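Biologist: Could you take me through one helix of this protein in detail, and then through the contact between its domains? I would like the cut-offs along the way.

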Amino acid sequence: VIDVPVIDRSRLAALLAEERDAYVRTHPGSAAVHARAEHLLGRVPMTWMGMWTGGFPLAFREAKGARVVDVDGTEYVDFALGDTGAMAGHSPSATVAAVRRRIDDLGGITTMMPTEDAEVVAAELTRRFGLARWSFTLSATDANRWALRLARLVTGRPKVLVFSYSYHGTVDESFVVVGPDGQPRSRPGNVGPAVDPTTTTRVVEWNDLAALERELAAGDVAAVLTEPALTNIGIVLPEPGFLEGVRELTRAAGTLLIIDETHTLSAGPGGMTARDGLQPDLLTIGKSIGGGVPAGAYGVSAEVADRLSRAVDETGADLVDVGGVGGTLAGNALSLAAVRATLEDVLTEDAFERMVALGTAYAEQVRSIIETRGLPWSVVQLGARAEYRFTAPAPRNGGESAAAADEELDAYLHLHLANRGVLLTPFHNMALMCPETTIQDVARHTALFGGAVDALLG
Ligand code: PMP
């Protein structure tokens, strides 16, 4: 029997204070960028950048491959990779060349006209994910928003179902969680909702097919919107049979299944949809596919495409002008040139093979540290991505995972790593491998993680 070590909270607080001091002392350039930012809301370009622990975010000067250099000239191994926006690595050469060609040689960043790249990209998305028809957006959020509108139009039903503590971007309908009393409630912190989202949305816990069946039985759910694994509350994998069950239950209920592959693309070139043979009616994706250039997409099955054109004829829904599905710069020439190059030359099958192998090495090494120290923590891998959570066994659903959150521990680990040249995503303990991440980078994180844990255990 191993004694499970208990985290000494006063020791943790003292170590966190030391790391905070060191962070402030050794990052004067980033501190100055923050201090000067008088015209920015929250002193950051986007309010979520305030999530970086240490009082101010690192301001960066250069980024290439798996490396970032901050304004003080310090180099980092970047496992945050723009929270997946840079899964292809920072400024991948093929993407940069295609973007340069579009801008410098051909000219034209946004017009109101298609380029030849659009069909090439759509065909590649069909090859990877199986969905028959595609349309473009600038973000994963917008892909989800439009997918939900299309699902309501096609089914004539008003509601959406999401899993508790999922995240799909700033999509109004998705900010619902299962409360402590088992009832749906607006997610804590929801900013200025137009309507109480429990009126638009049903919600159940992940891995709970009985609850899903119960909620779908009402017959008013247009679509289940889900990632194939939760990745925004730690990583919570589907139990064997769960996704098959979701597919069967949605089919039986006449509810469409929208799979959001924005993060789970880490599983392989066609995400979990291709890896596990999922059969979504609609699929959404964003972040990574433009190699850092804003781009998102949604795909619909041939059947949904047919139903859509019929629904447009029957209802007069305006799919082309001001009906609520749009985005002036969506599908612009620059984004599509970037997506084409990123898919053809960067996020390739070979690249995924290496990235997933590194994800495995990362998870194994972290697991070995957790196990040798006897910590009641867990690590979950999803292809090229892995994340640790301060509970074991790994949580089964979003509610359990949310309950295991430990902000102080997160802050300590993030700062300990950042102060020694390794970056994790500020929102999570998530690490992502890009094509240029190396096994040495992984080993560097492992050594630092081990050191941080040992300092904590004393
Ligand atoms: N879907 C998933 C699964 C996400 O994790 C996110 C963002 N974290 C989004 C959609 C939204 O992406 P964006 O903020 O780029 O629109």
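Modeller: Happy to; the helix comes before the domains. Please keep in mind that this is a predicted model, in which local features need pLDDT of at least 70, side-chain atom pairs count only at pLDDT 80 or more, and totals for chains, interfaces and linings use all residues. Residues are numbered from 1 along each chain as its sequence is written.

Our helix is H10, residues 333-346; helices (H or I, at least four residues) and strands (E, at least two) are DSSP runs, numbered from the N terminus. From first C-alpha to last, H10 reaches 19 Å, close to the 20 Å expected for its 14 residues at 1.5 Å a residue. That expected span is 1.5 Å times one less than the number of residues.

H10 is largely enclosed by the rest of the structure, because 12 of its 14 residues are buried. Buried means 20 or more other C-beta atoms within 10 Å of a residue's own, with C-beta atoms placed from the backbone. Among the buried residues are Leu334, Leu336, Val339, Arg340 and Val346. They pack against helices H3 (93-106), H4 (117-129) and H11, where contact means C-beta atoms, placed from the backbone, within 7 Å.

Now the domains: an automatic or database assignment gives domain 1 (9-87 + 350-457) and domain 2 (93-346). Their contact takes 25 residues from domain 1 and 29 from domain 2. H11 (349-372) returns here, as one of the elements supplying at least two residues of the domain 1 side. The largest share of that side, four residues, comes from helix H12.

Terms used:
Contact = placed C-beta atoms within 7 Å.
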